[in-house]
Every structure is written in structure tokens, then in C-alpha cells.
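Start at the ligand, then move out to the strands. Keep the sequence at hand while you read.

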Amino acid sequence: DQRTSGIEQPTTSEAEHMSKQPFVIGVAGGAASGKTTVCNMIIQQLHDQRVVLVNQLNLKCLKPHEHAFVFLNLLRDSFYHNLTEEELARVQDYNFDHPDAFDTEQLLCVMDKLRHGQAVDIPNYDFKSYKSDIYPARRVNPSDVIILEGILVFHDPRVRELMNMKIFVDTDADVRLARRIRRDTVEKCRDIGAVLDQYSKFVKPAFDDFILPTKKYADIIIPRGGDNHVAIDLIVQHIRTKLGQHDLCKIYPNLYVIQSTFQI
Ligand code: ADP
Ligand code: C5P
């Protein structure tokens with residue numbers, strides 16, 4: 001009993017507020033379709049518009065003129081299984097685009113902890129060495145908004161169920177291939193022959209067999225990725241509406257969105 005124990009219980013509205021889950025946005029699409037670019041544009045616009053994403057904030061503590069910080073995490077779906085020595089020796093035969101390449105159990109475990117307000121350490125995957133223990137893990141704190149991005153984030157129904165909003169970035173195959181060649185040769189220092197072999201052997205078939213079929217789960221399909229400013233504007237407006245920030249913005253003019261992790 002609140003009166004006899006002397007412990008202050010939250011009021012109903014506070015309890016509702018505290019039990020709110022983060023708003024999870026899934027962003028899928030082919031490799032080099034522009035997923036990261038789209039995510040960064042959404043985050044930038046939310047930031048510029050001082051969008052109020054309120055879940056874990058205790059607004060009771062704030063006075064209208066004070067600054068408040070709202071946290072957003074961008075999780076890249078780089079939860080790849082570690083390769084065995086044998087697989088590493090023949091890495092050109094490894095299919096990084098198959099759903100089995102991803103450690104979905106680990107991703108689910110991370111999401112579960114974040115949704116329950118616990119911080120997590122996420123391995124920092126290195127595309128050059130194919131290892132996730134080269135760099136220190138990143139500490140990710142629970143946040144109000146989580147953007148989960150990756151080629152196959154719509155594949156597992158358990159991951160899909162976590163999402164409040166699903167976006168599929170739809171970019172032509174020739175554009176994706178051209179961008180991939182540039183990125184993998186320049187940033188990942190790979191040989192162009194190896195990039196083209198990987199594309200025809202694994203990337204293209206996996207897109208057709210596993211990624212494209214998940215497009216049907218999307219709430220929003222963005223043609224042309226980051227070039228589609230109209231689509232990105234509409235998505236940002238929708239997030240604003242969903243999070244019901246309009247009234248809060250009037251009361252708290254100094255609320256900011258902070259991206260607490262930049263890339264995982
Ligand atoms: P994904 O996350 O789907 O792999 P990225 O957003 O990382 O895709 O984009 C892949 C590459 O293509 C990057 O090098 C990026 O700079 C480039 N890129 C993405 N969108 C555009 C665009 N609209 N115009 C030109 N280059 C782009
Ligand atoms: O960033 P993006 O969504 O393009 O990353 C997915 C791509 O990364 C996949 O097409 C996969 O082939 C590639 N990949 C790779 N080497 C790794 C891990 C993933 O080329 N070690």
C-alpha cells in the first residue's frame with residue numbers, strides 16, 4: 001500500500017509512460033541500395049526539426065525552458081557469425097548474403113535487452129578482416145528510437161515483429177552494382193574481379209531469393225533511395241505524427257534528438 005509503505009508509486013500515466021517500448025524502424029533493401037544514406041537523412045531531418053521522440057524521458061523533471069535529450073540508436077545488421085579458420089581460408093566461397101550468415105539469435109538478444117532498458121555491448125564487425133573481435137565492442141544504451149538496418153532485417157518473423165515501421169529501399173540493380181564496385185574496391189580494398197565474382201555467385205541470387213521477397217512486408221517502399229527527398233520528408237512527418245510530438249513541441253521548445261550511437 002502506497003500510503004503505509006511510504007514508497008511513492010507511479011501514477012497511471014507515469015506507469016504507462018515508463019512501460020513504453022522504443023519506436024523501432026526497420027530499413028531493408030539490397031546491398032548498396034542506399035539504406036545507410038536513407039537512415040542518415042531521416043536522422044538528420046529529425047535532428048534539424050527538433051523532433052521530440054518521447055519514451056523514456058521523464059518529462060515531469062523538465063521545466064519548459066530546459067533542454068531535453070532524446071536518444072536514438074542506428075543498429076547496422078552486422079551481426080555476422082564468426083568464420084571458422086577453414087571458412088576464412090576460402091572466404092571467396094562464403095555466402096555473406098544468405099540468412100544463415102547472420103547471427104539472428106544475437107540480434108534478438110540485443111533487441112530484447114535494449115527494449116528492457118538494459119545497455120548492451122555490440123561487436124564491431126570489420127568487413128576487411130571478416131572478424132568481429134578486432135575492434136572493441138561498442139556500448140549501446142537503451143534509446144527512445146531504434147533504427148535497425150540491414151539487407152535481411154525483414155527475413156526473420158521474430159525480428160519483423162519488433163518493428164513499428166518497415167521501410168524497403170528499392171534501387172535498380174545496375175545502380176547497386178556500380179555503387180558496390182566503387183565501395184568494395186575503394187573502401188574495402190578488394191579486387192574488382194573478386195567483387196564481380198561475389199556479385200554473380202552470391203549477391204544477385206540472394207537478392208532474388210531472400211531480399212526481394214521481403215519487400216512485401218514493407219509499410220513504405222522508397223524508390224531511388226537517398227535521391228527521393230519527397231519520400232524521406234513523408235517518413236519524417238509520419239514519425240513525428242506517430243510519436244505525437246506536436247503538443248510537446250509547444251511546451252518544450254528546446255527538445256533535441258541525439259543519436260547516441262553512430263554506426264554499429
Ligand atoms: P547500403 O547501406 O544500402 O549498403 P549506402 O547508403 O551505404 O547503401 O550506399 C552505398 C554506396 O552508394 C555508398 O558509397 C554511398 O555513398 C553511395 N550512395 C548512396 N546513395 C547515393 C546516391 N543517392 N547517390 C550517389 N551515391 C550514393
Ligand atoms: O552495407 P550493405 O547492406 O551493402 O552490406 C551487405 C553486404 O555486405 C552483403 O551484400 C555482403 O555480401 C557484404 N559483405 C561482404 N563481406 C563481409 C560481410 C558482408 O562483402 N565480410
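**The ligand shell and a hairpin**

Sort the shell around ligand 1 by residue class and you get 1 nonpolar, 5 polar and 5 charged residues. This is a predicted model.

Now put names to that shell. Ligand 1 is surrounded by Gly30, Ala32, Ser33, Gly34, Lys35, Thr36, Thr37, Glu149, Arg179, Arg183 and Asp227. Two helices each supply at least two of these residues: H3, which spans 35–48, and H7, which spans 173–186. Helix H3 gives the most, with 3 residues.

Next, look at polar contacts. Ser33 uses its backbone: a polar atom there is 3.1 Å from an oxygen atom of ligand 1. Thr36 uses its side chain, where an N or O atom is 2.6 Å from an oxygen atom of the ligand. Arg183 also contributes through its side chain, with a polar atom 2.9 Å from an oxygen atom of ligand 1. How much of ligand 1 does the protein cover? On its own, the ligand has 550 Å² of accessible area, and the protein covers 69% of that. Where does this put the ligand among the pockets? The space taken by ligand 1 is the largest pocket.

Leave the ligand and turn to strands E3 and E4. E3 covers residues 120–126, and E4 covers residues 131–140. The two run antiparallel and are joined by 5 bridges. One of the paired residues is Asp126, whose bridge partner in E4 is Lys131. Between the strands of this hairpin are 4 residues. Check the backbone at Tyr130: its phi is positive, near 65°.

Technical notes:
Residues numbered from 1 in each chain as written. Chains lettered and ligands numbered in written order. Predicted model: local features only at pLDDT ≥ 70, side-chain atom pairs only at ≥ 80, totals over all residues. Heavy atoms only, no water. Near = heavy atom within 4 Å. Polar contact = N/O pair within 3.5 Å; in protein donor to acceptor, adjacent residues only side chain to side chain. Areas by Shrake-Rupley, 256 points an atom, 1.4 Å probe, with all protein chains shown as cover. 1 Å grid on protein atoms, 1.4 Å probe; cavity = no way out; pocket = protein on both sides within 12 Å on 5 of 7 lines; lining within 4 Å. Sits in = over half its atoms within 2 Å of the grid points. Nonpolar A, V, L, I, M, F, W, Y, C, P; charged D, E, K, R; others polar. Pairing = 2+ DSSP bridges.
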